[in-house]
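The exercises below are meant to be worked with the sequence and the coordinates open side by side. Each task sentence is followed by a solution that goes step by step.

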Amino acid sequence: MTKAAVPLLIVLGVAIGLSTHTVVNCGDEDEPDICSAVIGFSPLRGSLIAFAYEGRGRIALRHGDNGRAIADFNEAIHLNPNRASLYRDRAKAYRQNGEQELAIADYDEAIALDPKPAAPYHERGLALAAKGDLDRAILSYSTAVRLDPTDAQARLDRGLAFLARGQAADAGADFEAALALPPGKDSRTHDAARAKLAELTHAEPSQVSTPRQ
């Protein structure tokens, strides 16, 4: 290798590194044009460009544009069908779009590819509960609780499913457990658990709430 070739290789390596970084992280910015530019002009193709579709899909998801998100996640999955997070993201878009069966199928796929994280089990429980399948919802929530015993929201949602199924004692135990755990980003989980526990303790609830969508 000649001395003149060394600086050229260094510059090329830096350029490739920056391009890769842009592709992988374009969804971190709240501006889909960055991801679109990567998709349209990046020389990087194949599974790596799936990150740009994923990023643009996550931006659309944050803005409630579920149809746009689903379309981008479809492209990303076509390019990289073995990435579990893509199925989970598309499942969330389906769930928010009211397409619970499609959401459940995607959560199943995400779990099959990576069974360790608790979140897909929790979110699958929400989709199952939304379509009235409380038995399977509780099973899914229970796996989420086992994998992440510190998730107060999973305890609350399982408690709501128990309550909807008429199992007041099990519901109360989950609401108490949720109150004993850190509330997370805000106090709404604790507030909801406290309110439901008060209903069980002091009066019969006039209307049973179903898990949040």
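A salt bridge is here a side-chain nitrogen of Lys or Arg within 4 Å of a carboxyl oxygen of Asp or Glu. By this rule the count comes to 13 salt bridges, and the model in which they are found is a predicted one.

**Exercise 1. The overall fold**

Task: Describe the secondary structure of the chain, and state what share of its residues is buried.

Solution. Step 1: the secondary structure comes to 11 helices and 0 strands, and reading along the sequence accordingly gives the pattern α-α-α-α-α-α-α-α-α-α-α.
Step 2: of the 213 residues in the chain, 41% are buried, where buried stands for a relative accessible area under 20%.
Step 3: the accessible surface of the chain comes to about 11300 Å², and carbon and sulfur atoms account for 55% of that surface.
Step 4: when contacts between residues at least 6 apart in sequence are considered, 50% of them join residues at least 24 apart.

**Exercise 2. The nonpolar cores**

Task: Identify which residues of the largest nonpolar core touch the most other members, and which helix gives the most to this core.

Solution. Step 1: the largest nonpolar core has 31 residues, and those touching the most other members are Ala69, Ala103, Tyr141 and Phe175.
Step 2: helix α9, which covers residues 152–164, gives the most to this core, with 6 residues.
Step 3: apart from this core lies another, of 14 residues, which includes Cys35, Ile59, Leu86 and Tyr87.
Step 4: taking Ala69 by itself, and leaving aside neighbours within four places in sequence, one finds Ala69 in contact with Gly57, Ala60, Leu61 and Ala93.
As background, nonpolar side chains in soluble globular proteins tend to be buried together.

**Exercise 3. Helix α9 and its surroundings**

Task: Determine how many residues of α9 are buried, and which helices these buried residues pack against.

Solution. Step 1: α9 has 13 residues and reaches 18 Å from its first C-alpha to its last, close to the 18 Å expected at 1.5 Å a residue.
Step 2: 12 of the 13 residues of α9 are buried, so this helix is largely enclosed by the rest of the structure. Charged side chains are found in that buried set too, among them Arg155, Asp157 and Arg158.
Step 3: the buried residues of α9 pack against α7 (119–130), α8 (134–147), α10 (168–180) and α11.
Step 4: for the α10 side, consider Asp174, which lies in helix α10 and is buried, with a relative accessible area of 2%. Not counting residues up to four places away in sequence, Asp174 touches Arg155, Arg158, Gly159 and Phe162, and these four belong to the buried residues of α9.
Step 5: for the α11 side, consider Lys196, which has its place in helix α11 (residues 188–202) and is buried at a relative accessible area of 9%. Lys196 and Leu163 are 33 residues apart in sequence, yet their C-alpha atoms are 9.2 Å apart in space.
Step 6: at the N-terminal end, Asp151 caps α9 through a side-chain oxygen that lies 3.0 Å from the backbone nitrogen of Gln153, while α9 is followed by Gly166, whose phi is positive, near 85°.

**Exercise 4. Salt bridges between helices and within them**

Task: Place the salt bridges of Asp72 in the helices, and set beside them the pair formed by Arg194 and Asp191.

Solution. Step 1: the side chains of Arg56 and Asp72 meet in a salt bridge with an N to O distance of 2.8 Å. This pair links distant parts of the chain, with Arg56 in helix α3 (residues 50–62) and Asp72 in helix α4 (residues 66–79), 16 residues apart.
Step 2: Asp72 also meets Arg68 in a salt bridge, at 3.1 Å from N to O, and here both residues lie in helix α4, 4 residues apart, about one turn of the helix.
Step 3: together, Arg56, Arg68 and Asp72 are linked in a network of salt bridges. Arg56 and Asp72 are both buried, with Asp72 at 0% relative accessibility, whereas Arg68 is partly exposed at 38%.
Step 4: Arg194 and Asp191 meet in a salt bridge of 3.3 Å, N to O, and both lie in helix α11, 3 residues apart. Arg194 counts as partly exposed because its relative accessibility is 45%, and Asp191 likewise counts as partly exposed, at 39%.
Step 5: an α-helix has 3.6 residues a turn, so residues three or four places apart point the same way.

Definitions and conventions: Residues numbered from 1 in each chain as written. Predicted model: local features only at pLDDT ≥ 70, side-chain atom pairs only at ≥ 80, totals over all residues. Heavy atoms only, no water. Core = buried A, V, L, I, M, F, W, Y, C linked by side-chain atoms within 4.5 Å. Buried < 20%, exposed > 50% of the residue type's maximum accessible area, 1.4 Å probe, protein only. Contact = heavy atoms within 4.5 Å. Areas by Shrake-Rupley, 256 points an atom, 1.4 Å probe, with all protein chains shown as cover. Expected span 1.5 Å × (residues − 1). Polar contact = N/O pair within 3.5 Å; in protein donor to acceptor, adjacent residues only side chain to side chain.
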